[in-house]
Structure formats: C-alpha cells, structure tokens
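I opened my notebook to go through this structure. My notes follow in the order I looked things up.

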Amino acid sequence: MPNTHSSPGLWALAWRRLRADKIAMLALAVVGAFLLMLVLSASGLIVADWEDEVAVNYAPPTFTGAQAPAEYAAKARADRNEATPVNVLDPLADDIRQLRAEMGVNPEVHVDMYGIDDPLGKEVAQLRAGMAKANQRAHAAKLETLPFGADKWGHDVLKKTVKGAETSIVVGLVAALLAVVLGTLFGAFSGYFGGRVDDFFNWFYSIFTSIPSILMILTVAAVLQQKGLLTIVLILGLTGWTGPYRLMRAEYIKHKAREYVMAADAIGASHWRKMFSHIFPNVSHVALVQMSILVVGFIKAEVILSFLGFGVPVGMVSWGSMLNEAQNELILGKWWQLSAAAIAMAVLVTAFSLFTDALRDALDPKVK
C-alpha cells in the first residue's frame, strides 16, 4: 500500500513555525491592516476628501481637552469677523443702506442713493444672500475639531496621514523589492559563476559604493528630471541594491560548494534551477532581512527627497511631506501633524521589522 504521507516543504514548515509565534502573527495583522488601508485609499473608498477644508487653520486635536477646541474656534471666529467685512462684495453697502433710510428711501428698493434705478441690484442682492448662507455653512463646519487636529489649510490630519501612508508604503515596499531583486540577481550570478562574471559585478559594485549615497540619489534624480512615485521608486531602487548584492554574493559562494548543490548537479539540474530552486530557498532569509532594513531606510529617504524637492509632486501627500511641513509648525507649537505621521511610521516599521525577523527565523533551515 503506498504511503500517502509526504514530508512538508520548506514553506509549509515556515508557516507552521510562524503561526506558533504570537508576536509574529500580531505584527502580520498590523502590516495587513496597513496594506488594506493602502488598497482602500488608492481605490478612493476612504479618505477621498482629505483635501477638503473641514476645520479652522491649525485646529487642535480633540483629545487635548474639551474646552480647548471651543476656545480656539471662538477666537478664530472673532478674528475672522473682525478682519472680514460683513458684505464682501460691497463693503459700503451697510452705510448706503443707512443713508437711504435717513433720506426716506426704502432700503429694499434697488436704487442708488440718488434715486436712480439699479438694473443689477436684485441679482447682486441674491448673490449676497447665497454667499452669506454658504459662508455660514462653511464656518459652521470649520468650527468642528478633529481627532488629530488640522494643518495650516484646515485639512484633517488623520485623513492626511492615511493618504500619506499610501504613498510612503508604496515607495518603501516597491523600491525595497526592486533593490532586493537586483541585488539578489547580481549576487547570485556573481557568487555562483565567479571568474569574469564576478569581476564585472564587483567592478560595478565598486563604482556605486565609491560615491556617497546621497550624491548618488541626487544624481539619479537629476537624470530622471521628473517627479512622481515611479521616479522615487527608481531613484531608491537603483541606488539601494549594493547591500543585498554583497550579502547574497557571499551566500552563493558558500552554498554552491554544499552537498545538496553537488547532488543537484549530478542529476543534471541546470544552472538556473540550482541557483533559484536549490540555493535561493536556503538564503532567502538574508533577502528578507535586507528588505526589512531597506523598507525602513527608504521611507526615511523619501523624507529627505521631499525636503530637497525631489519627493512627491504638488497635489500628493506622504509621511515625508507631512514631516517636512511639521518642521515649520513646531515653531508655532503645532505638534499634532508631526505626531500623527511619526506614530503611523513607527507602528508600521516596528510591525514590519518584527514580522520579517520572525519570518527569517522560520525560513532558516538551521533553526529548529
């Protein structure tokens, strides 16, 4: 009778070990929540109205105290009423109305102060009434406070943080994936084949590492000369492959002489199969660790690029652009935008690092 039981594969064993780690599963849930939020934000199902002015400028967070938002709104309303005329279209309308009443002219009749009929008087009056109602509705909405307050344009900081997560996560993950894929491919060919192939990739690696990373980033940014997510991903991915390359090259040099690779060669396995079907699963934990490090580093690099003017274009928001704005707000004592972006970034980076470390241990064949 044939044996129906088969030995579990590498990924099945890794998933079994991973499920036994409660911290890893919690970190996976947090990362999954951020990715779900990214998908919903990109599809427009949530925070599509993040650019709406829903509060007064620099409205404080609700949790700072029940009295603080009301006092802030009252002060903003008083300042606005003092600075803005009652009739924006005609600042002298009230004075003219009073003069008409003193002269015995009906103030509701659309004539000027000399008794001449005003052909546009009725339309202007309707326009004033409509604008007054619209201003009242806008002012009533802007008097509301928000959980994490508002920025200098009155945008909801919480919605802005969720929308910024879409940009920062895409930049961090995609750029890190591009860098790890390039580093793994270059390292695999260099370490496995050796000889002139290894010399070529080492020469290429030396060119990139001889230039300071920030200058290399700025050079690639100047060559591309365009702003956008794709540009940022290419900038970071094409300059960040050197770390994964160095480590993967060393791993392939070490593993190509192992017994299981020699056995695969004895049964006629191709070079591609030996590199990526036999060796790579045993060194994949190194690539995962490098990806974890690069995701964190690339999110930080996006902040630097935004500060230098090579980041996201106008009309987009990211955690980097929020932190860039917050440096001026801190001088005014407005700390909530910095806190919202920093907390979101810290939670994602911590959860992603914990999950990647647990996944590295689960995939390491030497860990039982």
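Which residues is Trp319 in contact with, leaving aside its neighbours within four places in sequence? I looked this up in what is a predicted model. I found Phe34, Thr161, Gly164, Ala165, Ser168 and Ile169 among them. The list goes on with Ile299, Glu302, Ala341, Ala344, Met345 and Leu348.

**The cores**

I then turned to the nonpolar residues. The largest nonpolar core has 70 residues. Trp319 is one of the members that touch the most other members. Ile169 and Ile299 are also on that short list, and both are in contact with Trp319. Leu236, Trp241, Tyr252 and Phe298 complete it. Another core lies apart from this one and has five residues, including Ala55, Val56, Ala59 and Ala150. I noted a general point beside this: in soluble globular proteins, nonpolar side chains tend to be buried together.

**The whole chain**

Next I checked the fold. I counted 14 helices and zero strands. The elements therefore read as α from the N terminus on, with no other letter in the run. The protein has 368 residues, and 38% of them are buried. I also looked at contacts between residues at least 6 apart in sequence: 74% of these join residues at least 24 apart. The accessible surface comes to about 20,700 Å². Carbon and sulfur atoms account for 64% of that surface.

**Aromatic pairs**

I went on to the rings. The structure holds 17 aromatic pairs. I picked out Phe186 and Trp241, which pair edge-to-face. Their centres are 5.1 Å apart, with 90 degrees between the planes. This pair links distant parts of the chain, 55 residues apart. Phe186 sits in helix H6 (residues 157-193). Trp241 sits in the loop between helix H9 (229-239) and helix H10 (242-255). Both Phe186 and Trp241 are buried.

My second pick was Phe200 with Phe204, a stacked pair. I noted 6.4 Å centre to centre and 5 degrees between the planes. Both residues lie in helix H7 (residues 195-210), four residues apart, about one turn of the helix.

Are Phe200 and Phe204 buried or exposed? Phe200 has a relative accessible area of 47%, so I logged Phe200 as partly exposed. Phe204 is at 28% relative accessibility, so Phe204 is partly exposed too.

Last, I traced the ring pairs as a network. They link Phe186, Phe200, Phe201, Trp203, Phe204, Tyr205, Phe208, Trp241 and Tyr245 into a cluster. Both of the pairs I picked have their residues in that cluster.

Note on methods. Residues are numbered from 1 along each chain as its sequence is written. This is a predicted model: local features need pLDDT of at least 70, side-chain atom pairs count only at pLDDT 80 or more; totals for chains, interfaces and linings use all residues. Side-chain values use heavy atoms; hydrogens and water are left out. A nonpolar core is a set of buried Ala, Val, Leu, Ile, Met, Phe, Trp, Tyr and Cys residues joined through side-chain atoms within 4.5 Å. Buried means under 20% relative accessible area, exposed over 50%, partly exposed in between (1.4 Å probe, protein chains only). Contact means heavy atoms within 4.5 Å. Helices (H or I, at least four residues) and strands (E, at least two) are DSSP runs, numbered from the N terminus. Accessible areas come from the Shrake-Rupley method with a 1.4 Å probe; for residues, only the protein chains shown count as cover. Rings of Phe, Tyr and Trp (its six-membered ring) pair if their centres lie within 6.5 Å; planes under 30 degrees apart count as stacked, over 60 as edge-to-face and the rest as tilted.
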